[in-house]
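Here is a friendly note to read with the model open on your screen. Take the points one at a time, and look for each residue as you go.

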Amino acid sequence: MAALNENIDSVKRRIIDACQKRPPSLSQKITLVAVSKTKPATQIEEALALGLCDFGENYVQELEEKIKQVSSPQLHWHFIGHLQSNKAKNIVGKVFLIHGLDSLKLAKEIEKECLKKGIVQKALVQINLSKEESKGGISENEIEDFLKSLNEFEQLEIVGLMTLPPPTENPEESRPYFKKLREIKDALNSKKIYRSELTELSMGMTQDFEVAIEEGATIIRVGTAIFGSR
Ligand SMILES: *Cc1c(COP(=O)(O)O)cnc(C)c1O
């Protein structure tokens, strides 16, 4: 495996190249979330020292352990996995962004925990565009009603959308999903369904982040290309 600094440099170059292929209307800043699931805290520290600030984890317990092991004022944790509502209390207020909000039950738990702690928690709504049963996420035809009902939770701030296309070797196969997510965000904003503008699109992983950037991603979640295979 290449050294971590070489991997990070290569990902950054790929990001810059992809940014140059975007239409001018999609010139948002990109946040690179380094997905550190299954990797030891020492590798997160190393990546922090090399200038990465955003780290993504999928499992509550693993995240809690890493929060104890690694701390730095510039570090932002992202919860990118499926969050069970009974585990919300463990991470609310400890993570910068929850990427996979996909039920009212979970939203209620997050709100309850925020009120208890006197904080606001940012989150993204996960949309399931591939209709895979096994995957979490709100379906496209339910998104308007879902977002409308989130307006009542004042401590839960929805800043955008997230999606996870089916795994593929060919990044072009992900493009329609990324394009669709952007179109859904634009439609929700123009109809003012949510109380504030949705600005973030969390989409794209090692295999397809360039295509995601070309389609308007503002947050990409990259594990393998940074830390090697799991
Ligand atoms: C693991 C994971 C990633 C990173 O995947 P890579 O292919 O290793 O880049 C991104 N997003 C989610 C939701 C994940 O679970």
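1. How far does a polar side-chain atom of T206 lie from an oxygen atom of the ligand? The distance is 2.6 Å. Please keep in mind that you are looking at a predicted model, and that this value, like the others in this note, is computed from it.

2. Two further contacts are worth finding. In R230, an N or O atom of the side chain is 2.8 Å from an oxygen atom of the ligand. For G223, a polar atom of the backbone is 2.8 Å from an oxygen atom of the ligand. How much of the ligand's area does the protein bury? On its own the ligand would expose 390 Å², and 90% of that is buried by the protein.

3. Now step back to the whole shell around the ligand. T206, G223 and R230 are among its residues, and so are V35, K37, N58, I80, L164, M205, R221, V222 and T224. Sorted by character, the shell holds 5 nonpolar, 4 polar and 3 charged residues.

4. Where does the ligand sit? Its place is the largest pocket, whose volume is about 340 Å³. This pocket is lined by 19 residues, and those closest to its centre are K37, N58, I80, L164 and M205. You have already met these five names in the shell around the ligand. The lining as a whole divides into 6 nonpolar, 9 polar and 4 charged residues.

5. Do have a look at the second largest pocket too, which holds about 180 Å³ of space. Its lining includes the histidines H76 and H78, along with K29, D54, K122 and E200. I30, T31, F96, L97, V159 and I219 also line this pocket. Here the split is 5 nonpolar, 3 polar and 4 charged.

6. Finally, a point about the backbone. Most residues other than glycine have a negative phi. Which value does phi take in T38? It is near 70°, a positive value in a residue that is not glycine. You can find T38 in the loop that runs between strand 1 (31-35) and helix 2 (41-49).

7. K192 is another residue to check, with a positive phi of about 50° although it is not a glycine. Look for K192 in the loop between helix 7 (175-190) and strand 7 (200-202).

Key. Residues are numbered from 1 along each chain as its sequence is written. This is a predicted model: local features need pLDDT of at least 70, side-chain atom pairs count only at pLDDT 80 or more; totals for chains, interfaces and linings use all residues. Side-chain values use heavy atoms; hydrogens and water are left out. A residue is near a molecule or strand if one of its heavy atoms lies within 4 Å of it. A polar contact is a pair of N or O atoms within 3.5 Å; within protein, one must be able to donate a hydrogen and the other to accept it, and residues adjacent in sequence count only if both atoms are side-chain atoms. Accessible areas come from the Shrake-Rupley method with a 1.4 Å probe; for residues, only the protein chains shown count as cover. On a 1 Å grid over the protein atoms alone, a cavity is a set of points where a 1.4 Å probe fits but cannot get out, and a pocket is an open set with protein on both sides within 12 Å along at least five of seven lines; lining residues have an atom within 4 Å of a point. A molecule sits in a cavity or pocket if more than half of its atoms lie within 2 Å of its grid points. Ala, Val, Leu, Ile, Met, Phe, Trp, Tyr, Cys and Pro count as nonpolar, Asp, Glu, Lys and Arg as charged, and the others, Gly among them, as polar. Grid points are joined across faces, edges and corners, and a volume is the space filled by probe spheres set on the points. Helices (H or I, at least four residues) and strands (E, at least two) are DSSP runs, numbered from the N terminus.
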